[in-house]
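Here is a short guided tour for anyone who likes to read a fold with the coordinates open. Please keep the viewer at hand as you go.

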Amino acid sequence: MAAKAAARIAEETLRLNPDINEVHVTSDGTAFYTRNDAQNHANSLPNREVYSTNRRIAALKAAVAKSKADTAEPAAPSDTEPEVDELTGEAVNDTDNEPANTDE
C-alpha cells in the first residue's frame, strides 16, 4: 500500500476516533491503535510495512496540503469556454486569424 493511501486511512481513522492520538496502518489498509498489534498483523502479509502517525503530525500534513491548495495557480481556461477579447468583449475565433480579404 502506498504511503499516501495509508496516510488517508490514518487521517480518516483519527477523524472518526477523537479519543486516540496515534494510528498504525498495515500494507493491507488495516488500521490499529497500537503499533504492536499492527506489527503482529503485518507479519502475516507479503509487505510487512507499517505506516504510523499521530494526531499532531496528521494535522500538520493536512495544514500543509491545504496551504498548497490555496496558493496553487488558477486553472487554465477550459477549452469549452470561448476566449473573450478584453477590449471588445466579443469571442475570439482562433481558427480565423487570417486578415480580411479586401479587394479594392
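The report below moves from the overall layout to the sheet, the core, the helices and a few side chains.

**Overall layout**

Please bear in mind that this is a predicted model. The protein has 3 helices and 3 strands, and from the N terminus on these elements follow the order α-β-β-α-β-α. Of the 104 residues in the protein, 19% are buried. Among the contacts with a separation of 6 or more, 36% link residues that lie 24 or more positions apart.

**The sheet**

How are the strands ordered in the sheet? The 3 strands form an open sheet in the order 2-1-3, with antiparallel pairing. Strand 2 (31-32) and strand 3 are the edge strands, each pairing on one side only. Strand 1 and strand 2 run antiparallel and are joined by 2 bridges. If you would like a residue to click on here, try V25, whose bridge partner in strand 2 is A31.

**The core**

V25 also belongs to the largest nonpolar core, which has 8 residues: A6, A10, L14, I20, V23, V25, Y51 and A58. Helix 1 and strand 1 (22-26) each supply at least two residues of this core. The element that gives the most is helix 1, with 3 residues.

Two neighbours help to show how the pieces meet. Leaving aside residues up to four places away in sequence, A58 touches L14 and T53. T53 is found in strand 3 (residues 50-54). Is T53 buried or exposed? Its relative accessibility is 7%, under the 20% limit, so T53 counts as buried. With the same sequence neighbours left out, T53 touches A10, L14, E22, V23 and A58. L14 therefore appears in both contact lists, that of A58 and that of T53, and L14 is also one of the core residues, a set defined by side-chain atoms within 4.5 Å.

**Helix 1**

The 14 residues of helix 1 should span 20 Å at 1.5 Å a residue, and its end C-alpha atoms are indeed 20 Å apart. Which residues of helix 1 are buried? They are A5, A6, A10, T13 and L14. The cover over these buried residues includes strand 1, strand 2, strand 3 and helix 3.

**Helix 3 and its start**

Helix 3 (residues 55-70) has 16 residues and reaches 22 Å from its first C-alpha to its last, close to the 22 Å expected. At the start of this helix, a side-chain oxygen of N54 comes to within 3.1 Å of the backbone nitrogen of R56.

R55, which lies in helix 3, is worth a closer look. R55 is partly exposed, with a relative accessible area of 27%. Not counting residues up to four places away in sequence, R55 touches L14, N17, P18, D19, I20 and N21. One of these partners, I20, has its backbone oxygen reached by the side chain of R55 at 2.5 Å. R55 and E11 are 44 residues apart in sequence, yet their C-alpha atoms are 8.1 Å apart in space.

**Salt bridges**

Side chains of opposite charge can pair when their charged atoms come close. How many salt bridges does a search of the whole structure find? The search finds 2, and the table sets them out.

| Pair | N to O distance |
|---|---|
| R15 and E12 | 2.5 Å |
| D70 and K66 | 3.1 Å |

Where do these partners sit along their helices? R15 and E12 are 3 residues apart in helix 1 (residues 3-16), so about one helical turn separates them. D70 and K66 are 4 residues apart in helix 3, and again the separation is about one helical turn.

The accessibility of the partners completes the picture. In the helix 1 pair, R15 counts as exposed because its relative accessibility is 56%, whereas E12, at 35%, counts as partly exposed. In the helix 3 pair, D70 is exposed at 56% relative accessibility, and K66 is exposed at 53%.

Terms used:
Residues are numbered from 1 along each chain as its sequence is written. This is a predicted model: local features need pLDDT of at least 70, side-chain atom pairs count only at pLDDT 80 or more; totals for chains, interfaces and linings use all residues. Side-chain values use heavy atoms; hydrogens and water are left out. The expected span of a helix is 1.5 Å times one less than its number of residues. A polar contact is a pair of N or O atoms within 3.5 Å; within protein, one must be able to donate a hydrogen and the other to accept it, and residues adjacent in sequence count only if both atoms are side-chain atoms. A salt bridge is a side-chain nitrogen of Lys or Arg within 4 Å of a carboxyl oxygen of Asp or Glu. Buried means under 20% relative accessible area, exposed over 50%, partly exposed in between (1.4 Å probe, protein chains only). Contact means heavy atoms within 4.5 Å. Two strands pair if DSSP finds at least two bridges between them.
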